[in-house]
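Got a few minutes and a viewer open? Work through these exercises one by one, and try each task before you read its solution.

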Amino acid sequence: MSGTSGAPGARVVQLRGAGRRFGSHEALRELDLTIHAGERVAVLGTSGAGKSTLLALLGGSLEPTAGTVEVFGEDLAGLTAARRRHLQRRIGSVSQHLALIEQVRVLHNVNAGRLGQWSTARALASLIWPRSLDVVRDALDRVDLGWALHERTERLSGGERQRVAIARLLVQSPELVVADEPVSSLDPVRAAGILGLLGTTSATNASSSTASTPVRTLVVSLHQPALAREHCTRVVGLREGRIVLDRPAAEVQDSALHDLYELV
Ligand SMILES: Nc1ncnc2c1ncn2[C@@H]1O[C@H](COP(=O)(O)OP(=O)(O)OP(=O)(O)O)[C@@H](O)[C@H]1O
């Protein structure tokens, strides 16, 4: 298959019987899940339920040990290197570890969001003569870090670093955002603002979007159900590696959340 567009309503993610095992431990089992373009899906569940593992499967950093994971119509297993690079440009991931280079200035970490779009020569040259500083500055402004452009990344707080990773994602402007607890270190007001940014409708520019413009799809793991209900359109709840809740966010009752987090 040559892949699908991110046009509104198109199928972006398709898991069929997907599972992931670590040794004898089954972190995810028999997941069937379809996500369409424009959905904002919150993944909830207790610690160890499998949220990060699911997001790693969607972002392509981990392969399933059972079943299949398709993103934009392509089975992530067995892609050629070129197809994988092409697909990775459309997927923006933020992991819990953030994957920032600590010793360089913030602007270089943000610019790293564009590496997939640049040639190696251009990327290397950018380390000496940073390119597109206006784009970087704009992304940093949007996460309230405009002042940090020339700061060394290692000097920033945990929450500031988390926002640098979000700015890197904003310059990449991917169609699918896969974000693993992207607001865990942020105060409630900042957390709400960042989730609003991640869920911005268009993968390019909301003001210039048309029916054929790819819409952004968001899959985000959270530990705050209130944020999920406020900023997402759908809630998927995991328990011991299985999907036990899958509903429109507006229909998720407190009792369902209570059941999800109840310790067994
Ligand atoms: N690389 C790994 N090797 C072995 N076991 C792993 C590995 N990654 C995850 N696991 C196990 O898989 C299960 C699911 O882990 P995962 O990190 O996906 O949970 P989570 O819901 O994201 O938890 P948290 O909310 O604490 O981040 C856990 O039992 C975890 O110990």
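**Exercise 1: How far to trust it**

Task: find the stretch where pLDDT stays under 50, and say how many contacts beyond four places in sequence the model has there.

Solution. The stretch is residues 205-209, where pLDDT stays under 50 and the model has five contacts beyond four places in sequence. Keep in mind that this is a predicted model. Where pLDDT is low, the predicted coordinates should not be read in detail. Now step back to the whole chain: its mean pLDDT is 87, with 84% of the residues at 70 or more. For the complex, the predictor reports an ipTM of 0.97 and a pTM of 0.88.

**Exercise 2: The chain in numbers**

Task: count the helices and strands, then work out what share of the residues is buried.

Solution. Start with the secondary structure: the chain has nine helices and 10 strands. Next comes burial, and here 40% of the 264 residues count as buried. Finally, take the contacts between residues at least 6 apart in sequence: 65% of them join residues at least 24 apart.

**Exercise 3: Around the ligand**

Task: list the residues that surround the ligand, and decide which helix gives the most to that shell.

Solution. Walk along the chain and you pick up Phe22, His25, Ala27, Gly45, Ser47, Gly48, Ala49, Gly50, Lys51, Ser52 and Thr53. Sort them by class and you get three nonpolar, seven polar and one charged residues. Then map them onto elements: strand 2 (25-36) and helix 1 (51-59) each supply at least two. Helix 1 gives the most, with three residues.

Now zoom in on Phe22, which sits in strand 1 (residues 11-22). Is Phe22 buried or exposed? Just 11 other C-beta atoms lie within 10 Å of Phe22, and the cut-off for exposed is 12 or fewer, so Phe22 is exposed. One more distance to check: Phe22 and Thr65 are 43 residues apart in sequence, and their C-alpha atoms are 8.9 Å apart in space.

**Exercise 4: An open sheet**

Task: write down the strand order of the open four-stranded sheet, and name its edge strands.

Solution. The order is 2-1-4-5, and the pairing is antiparallel. At the edges you find strand 2 and strand 5 (74-75), each pairing on one side only. Further in, strand 1 and strand 4 (residues 66-71) pair in the antiparallel sense over five bridges. To pin down the register, use Val13, whose bridge partner in strand 4 is Val71.

**Exercise 5: Both sides of strand 9**

Task: work out which strands pair with strand 9 and in which sense.

Solution. Take strand 3 (residues 40-44) to begin with: strand 3 and strand 9 run parallel over four bridges. Strand 10 (residues 242-248) pairs with strand 9 in the antiparallel sense over six bridges. Val235 ties the picture together: it is the bridge partner of Ala42, while in strand 10 its own partner is Arg247. Strands 9 and 10 form a hairpin with two residues between them, and Glu240 in the turn has a positive phi of about 45°. As for cover, five of the six residues of strand 9 (residues 234-239) are buried.

**Exercise 6: Into the core**

Task: give the size of the largest nonpolar core, then trace the contacts of Val219.

Solution. The core has 62 residues, and those with the most contacts inside it are Ala42, Val43, Leu58, Val71, Ile166, Ala167 and Val219. Helix 6 (residues 158-172) gives the most to this core, with six residues. For Val219, skip neighbours within four places in sequence; what remains is Ile35, Val41, Val43, Leu55, Leu58 and Val178. In soluble globular proteins, nonpolar side chains tend to be buried together.

**Exercise 7: Odd phi angles**

Task: say where Glu30 and Ala99 lie, and give their phi angles.

Solution. Most residues other than glycine have a negative phi. Glu30, in strand 2, has a positive phi of about 45°. Ala99, in the loop between strand 6 (91-94) and helix 3 (106-111), has a positive phi of about 55°. Now count C-beta neighbours inside 10 Å: Glu30 has 15 and counts as partly exposed, and Ala99, with 13, also counts as partly exposed.

Note on methods. Residues are numbered from 1 along each chain as its sequence is written. This is a predicted model: local features need pLDDT of at least 70, side-chain atom pairs count only at pLDDT 80 or more; totals for chains, interfaces and linings use all residues. A residue is buried if 20 or more other C-beta atoms lie within 10 Å of its own, exposed if 12 or fewer, and partly exposed in between; C-beta atoms are placed from the backbone. Two residues are in contact if their C-beta atoms, placed from the backbone, lie within 7 Å. A residue is near a molecule or strand if its C-beta atom, placed from the backbone, lies within 6 Å of it. Ala, Val, Leu, Ile, Met, Phe, Trp, Tyr, Cys and Pro count as nonpolar, Asp, Glu, Lys and Arg as charged, and the others, Gly among them, as polar. Two strands pair if DSSP finds at least two bridges between them. pLDDT is the predictor's confidence in each residue, from 0 to 100. A nonpolar core is a set of buried Ala, Val, Leu, Ile, Met, Phe, Trp, Tyr and Cys residues joined through C-beta atoms within 7 Å.
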